[in-house]
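Reader: Before we go through the terms, please show me the model, and then let me ask what lies behind each label.

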Amino acid sequence: FLKIRPGQTGLDATLGYGGHTQKMLECLKGEGHLFALDVDPIELAKTRERLGKCGYGPEILTIRQMNFADIDQLAAETGPFDFALADLGVSSMQIDNPERGFSYKQEGPLDLRLNPEKGIPASERLREITREELEGMLLENADEPYAAQISRAVFSEIRKGREIATTTQLREMIGNALSFLPENERKEGIKKSCQRTFQALRIDVNSEFEVLEEFLEKLPDVLKSGGRVAILTFHSGEDRLVKKSFQRLCRAGVYQDFSREVIRPSAEECAMNSRARSTKMRWAVKA
């Protein structure tokens, strides 16, 4: 969709491991420039080194530690872009590092911050919110069907003075909250509720919806006329925000076209990469 050509200027708003960045650089064939952003100082340094070893230096690639909500600040320096990509998923390196606390499957501190140098970890967030706020967070950020039961169980433990400092402590509380499920459904039900609860907390701790809304609002102003943008989302809350923004701005004449239907990965891609299964892509073209 991006139709990248040598000589163009592009933006990878979510650098991560650098897989998308590398593919876009290959399309540029040494002509033009790509700017790449990420808030995670830990993984950004590793990716910069990795791409440097592949031959992509500052003459073709500029990497900045920056939140993509601040793309207007970047564009003020660089000028507008021919193409932009944003992959809103948490990177595999973050998920697979137990010290970051993104996965309920591994023991680690309940952190969940994309930038561990800013904000407060999820463990601290749980200490300061009410049961009603937690229930609302689980519903809004993850469509959790057992939000009431999980929030009651968590706050029951907090009232007893129990700290929720690790991923496994939270997982255990979710398991206890769903002990009423039929035995043949319990394991799968707990697994899915753990995934949704960790997702909801991560979105809250990183203000992901607010950041995405700011990015979507500024996005047209950093694209050239005819500039193309593709956004990959991983759950319904993100997808709704992207879809509504593209629809509204197309009606207003800001975009000349956008994807009416969501684009999903093929069965072959899902077989190669199971984490791609929940991905949805939407695109738009600047008027």
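**Labels and their cut-offs**

Author: Arg 50 lies over the face of Tyr 17, at 3.6 Å from the ring centre. This is a predicted model, in which local features need pLDDT of at least 70 and side-chain atom pairs count only at pLDDT 80 or more, while totals for chains, interfaces and linings use all residues. Residues are numbered from 1 along each chain as its sequence is written, and side-chain values use heavy atoms, with hydrogens and water left out.

Reader: What makes a charge sit over a ring?

Author: The definition asks that NZ of Lys or CZ of Arg be within 6 Å of the ring centre and within 35 degrees of the ring normal; Arg 50, at 3.6 Å from the ring centre of Tyr 17, is placed over its face.

Reader: Why is Ser 123 called buried or exposed?

Author: Its relative accessibility is 12%, so Ser 123 counts as buried, given that buried means under 20% relative accessible area, exposed over 50% and partly exposed in between, with a 1.4 Å probe and protein chains only. Beyond its neighbours within four places in sequence, Ser 123 is in contact (heavy atoms within 4.5 Å) with Leu 110, Ile 164 and Ala 165.

Reader: How many aromatic pairs does a search of the whole structure find?

Author: The search finds six. For Tyr 146 and Phe 180, the ring centres are 5.7 Å apart and the planes stand at 75°, so this pair is edge-to-face; rings of Phe, Tyr and Trp (its six-membered ring) pair if their centres lie within 6.5 Å, and planes under 30 degrees apart count as stacked, over 60 as edge-to-face and the rest as tilted.
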